[in-house]
Amino acid sequence: MSTVPYSKSLKVVAEPDVLVCGTGLAGIGAAVAAGRNGASVMAVDRMGFAGGFFTNVIGFAFDGFVYEGTGKPVVGGLVFEMLERMHVVEPGQAPHLSYNVNGDFTEVEKHPDRVIPRTDPELFKKAADDILTESGVRPLFHSQVADVIVEGDRIDSVIISNKDGLVAVRPKNVIDATGDGDVAAWAGCPYEKAETLQPMSLHFRIGFVELTFELRRKCAAVLEQAKAAGRIGLYGGPWPATFSGRDIYFNVIRTPGDVTNPDDWTNAEIQGRRDAWAMFELWKEALPEFRDAYFLTSGPTAGARESRRIVGDYTLTGDDIRQAKRQYDVVVLGAWRIDRHPVQETGYHHMPMVPPYDIPYRTLLPQGIDNLWVAGRCHSATSEALASSRVTANAMGMGQAAGTAAAMATATRGGSRDVSITELQDRLVAAHAILDPASAMAPS
Ligand SMILES: Cc1cc2nc3c(=O)[nH]c(=O)nc-3n(C[C@H](O)[C@H](O)[C@H](O)COP(=O)(O)OP(=O)(O)OC[C@H]3O[C@@H](n4cnc5c(N)ncnc54)[C@H](O)[C@@H]3O)c2cc1C
């Protein structure tokens with residue numbers, strides 16, 4: 001491959017205590033927690049809104065929020081607050097209710113009495129804007145992190161590309177909440193990537209059709225027949241959900257590839273749209289319920305379930321999860337099934353259930369850099385463990401822990417490894433995080 005030299009002095013546009021890269025689930029958690037713990041915070045995102053998966057891909061439910069065995073929460077803190085801000089629950093109610101595991105219709109059928117913690121993307125965008133700005137965070141959208149400058153064991157500057165050109169931010173501390181570990185990888189931190197990654201998916205929404213248990217089964221049957229007849233390729237589920245009662249959002253597309261390869265990501269969009277339209281037309285042809293159906297929207301982007309996994313001071317494993325290994329530096333609990341979407345299979349996959357388990361602070365500490373945290377999908381876990389810990393509620397909990405720690409490090413002028421674990425845990429519990437699984441295990 002040929003290269004070109006490039007050298008330029010860049011304008012420094014901000015010098016915050018904490019720079020949060022990415023305002024998805026982990027990024028919102030990190031930015032809000034850092035702001036509320038006294039740091040000046042800038043939070044950048046390549047999109048025009050915060051929310052990550054919920055808004056970039058269209059998502060429906062805070063998976064990992066509850067322990068399936070009881071329907072009780074295992075992740076509290078900012079997840080509770082976001083549910084309140086979206087009016088899913090009344091103020092103060094969140095810890096005391098019993099919830100459906102997700103918006104999946106099979107779960108609704110099994111537990112009709114439980115609250116669905118659903119996350120309408122437009123409500124989520126608005127709630128994210130409000131919580132960020134009310135916490136004193138300066139959000140900067142349409143700003144893609146493009147590179148980093150490292151001095152010794154610290155990140156000195158983060159280079160951002162936006163309509164102002166290439167500009168620099170010189171923060172004291174940095175949180176990588178990009179999902180793909182862009183900052184940590186470009187800073188030279190070690191990372192792993194599975195040989196076979198979970199597939200990417202473009203979600204889409206169909207309007208003017210009512211979702212029922214019966215229709216879900218019919219949609220699945222139509223896809224099965226079309227696959228057998230060679231009319232469509234790979235797909236997962238389908239997992240439909242509804243925001244209005246008169247629309248269906250489909251999690252069904254399955255495209256192999258690596259989101260950190262721009263060609264693969266482009267293909268996931270183009271192939272995803274082709275597949276989405278093919279499925280829509282099949283349902284319209286076969287099902288009278290789709291008579292008035294209208295293809296409302298796809299995307300905005302195809303989402304990735306797995307890419308770089310940054311290697312931290314500790315790597316969470318599948319055994320840690322199955323055995324519910326207690327960790328002295330627990331900062332968030334997980335309980336989502338080991339949900340590894342297969343690349344070459346179609347339909348529903350096996351997702352073994354797990355007990356509530358500990359996610360340690362050390363999984364947020366990339367090796368080699370002392371003023372950087374990773375939170376969310378790029379934290380330090382094996383591919384198997386990440387199949388559980390990657391989900392939205394856990395990402396937000398990890399972000400809350402990283403943001404709190406970054407503010408503490410700013411105040412003491414220490415590094416990420418100098419943070420007092422007991423003080424961090426005390427601060428998280430005071431902010432309604434759940435670090436003891438006992439309440440989630442207790443039957444109603
Ligand atoms: C198709 C699909 C379906 C899923 N279904 C569910 C589900 O139903 N329930 C569930 O709980 N989880 C689900 N997940 C998992 C979940 O989406 C993620 O694992 C979770 O959102 C992780 O949070 P995060 O904050 O780490 O990443 P994200 O939510 O992806 O946020 C990353 C943010 O960083 C920004 N960003 C990325 N790179 C840069 C950059 N270089 N510069 C600036 N900004 C950048 C992005 O725009 C985004 O806002 C699904 C994932 C996919 C892909």
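User: Which elements are included in what covers the buried residues of helix α5?
Analyst: This is a predicted model in which local features need pLDDT of at least 70 and side-chain atom pairs count only at pLDDT 80 or more, while totals for chains, interfaces and linings use all residues. Residues are numbered from 1 along each chain as its sequence is written. Helices (DSSP runs of H or I, at least four residues) and strands (runs of E, at least two) are numbered from the N terminus. Taking contact as C-beta atoms, placed from the backbone, within 7 Å, the cover of α5 includes α1 (25-36), β3 (41-44), α2 (53-58), α3 (78-85) and β6 (137-140).

User: How wide an arc do the buried residues of α5 cover around the axis?
Analyst: Buried means 20 or more other C-beta atoms within 10 Å of a residue's own, exposed 12 or fewer, and partly exposed in between. In α5, P121, F124, A127, A128, I131 and L132 are buried, and they lie on the same side because their arc, taken from the directions from the helix axis to the C-beta atoms, is only 125 degrees.

User: Which residues are exposed on the other side of α5?
Analyst: The helix α5 spans residues 121-134, and its buried residues include F124 and I131. On the other side, the exposed residues are E122, D130, T133 and E134.

User: In β6, which residue is the bridge partner of V44?
Analyst: Strands β3 and β6 run parallel and are joined by four bridges, where pairing needs at least two bridges found by DSSP. Along β6, V137 and P139 point to one face and are buried, whereas R138 and L140 point to the other and are not. The partner of V44 is L140.

Note on methods. The expected span of a helix is 1.5 Å times one less than its number of residues. Two residues are in contact if their C-beta atoms, placed from the backbone, lie within 7 Å.
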